[in-house]
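Subject: Structure for you to look at

Hello,

I am passing on a structure that I would like you to look through at your own pace. Please open it beside this message, and then read on for what was found.

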Amino acid sequence: LARGTADADLAGRHVVISAGGTREPLDPVRFLGNRSSGKQGYALARTAVARGARVTLVAANTALPDPAGADVVRVGTAVQLREAVLKAAADADAVVMAAAVADFRPAEYAAGKIKKQEGRDPAPVALVRNPDVLAEVSADRAREGQVVVGFAAETDDVLAHGRAKLRRKGCDLLVVNEVGEDKTFGSEENEAVILASDGAELPVPYGPKETLADVVWDQVAARLA
Ligand code: CTP
Ligand code: CA
């Protein structure tokens with residue numbers, strides 16, 4: 001696929017990328033987490049640096065080395081991720097939410113390790129909703145013309161879910177991919193359709209996450225121009 005026309009087409013731009021998966025603690029040793037590796041978000045950070053952008057990477061629990069040339073802010077929970085993204089978004093030209101943000105967190109955090117009780121089943125874990133960072137960033141654009149991009153992994157009628165989610169979130173672009181078996185999680189490759197708020201739908205064939213990242217930046221750069 002064609003890489004952007006100009007190599008430094010994001011020069012002078014500040015882009016914020018979230019990556020990885022949040023962890024929502026139950027007690028000092030346990031958390032609710034997800035299978036996001038962070039690889040797609042890191043590929044977005046590397047390619048944005050290569051295209052001349054100033055990059056803030058908000059990284060949630062990834063095992064990946066910091067990409068050269070990016071400012072990396074490490075976070076744990078969805079609430080921490082929200083804070084870091086909103087702060088960095090204040091002067092950003094684009095915000096790309098590639099992180100897998102937990103929808104719920106335990107309603108209570110046990111300061112001491114939760115212990116088994118002899119002869120008793122465990123109490124159910126009560127959950128509360130986390131803030132929706134993508135919806136919030138989309139609704140309250142910190143800057144005029146700021147481009148906001150979300151990611152969605154779906155099953156079943158992937159495009160229908162994606163179109164509805166794009167509208168619900170209010171973002172400009174939603175990168176939708178199908179999950180199942182061992183597709184996507186932890187892999188080096190990805191296949192997606194980029195849905196735009198103007199109704200455009202751009203399929204991106206199966207290939208390296210770097211290639212998908214470059215297509216996303218092509219779309220972002222076109223909207224910033
Ligand atoms: N997202 C977010 N904050 C949340 C949940 C999700 O910012 N609390 C962002 C993700 O980073 C991603 C996009 O929203 O860019 C879509 O995430 P997804 O989990 O697919 O959306 P949900 O609205 O949580 O829908 P679902 O019920 O299908 O999980
Ligand atoms: Ca979700």
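Which residues in H1 meet which residues in H5? In this predicted model, Lys39, Gln40, Ala43, Leu44, Arg46, Thr47 and Ala48 are the residues on the H1 side, and they meet Lys209, Glu210, Leu212, Ala213, Asp214, Val216 and Trp217 on the H5 side. Sorted by character, the residues of this contact comprise seven nonpolar, two polar and five charged.

Two packed helices are described by the angle between their axes and the distance between the axes. Here, helix H1, which covers residues 39–50, packs with helix H5, residues 209–224, at an angle of about 60 degrees, and their axes are 8 Å apart. Because of that angle, H1 is oblique to H5, and the crossing in which H1 passes H5 is right-handed.

The other place to visit is ligand 1, which is surrounded by 13 residues, the closest being Met97, Ala99, Leu134, Lys165 and Lys169. Leucine 134 has a polar backbone atom 2.7 Å from an oxygen atom of ligand 1, and for phenylalanine 151 a polar backbone atom is 2.9 Å from an oxygen atom of the ligand. With lysine 165 the side chain takes part instead, since one of its N or O atoms is 2.6 Å from an oxygen atom of ligand 1.

Best wishes

Note on methods:
Residues numbered from 1 in each chain as written. Chains lettered and ligands numbered in written order. Predicted model: local features only at pLDDT ≥ 70, side-chain atom pairs only at ≥ 80, totals over all residues. Heavy atoms only, no water. Axes fitted to C-alpha atoms, helices over the stretch in contact; angles between N-to-C directions. Helix = DSSP H or I, 4+ residues; strand = E, 2+ residues; numbered from the N terminus. Parallel < 35°, antiparallel > 145°, perpendicular 65-115°, else oblique. Left-handed = near helix turned anticlockwise from the far one by under 90°. Contact = heavy atoms within 4.5 Å. Nonpolar A, V, L, I, M, F, W, Y, C, P; charged D, E, K, R; others polar. Near = heavy atom within 4 Å. Polar contact = N/O pair within 3.5 Å; in protein donor to acceptor, adjacent residues only side chain to side chain.
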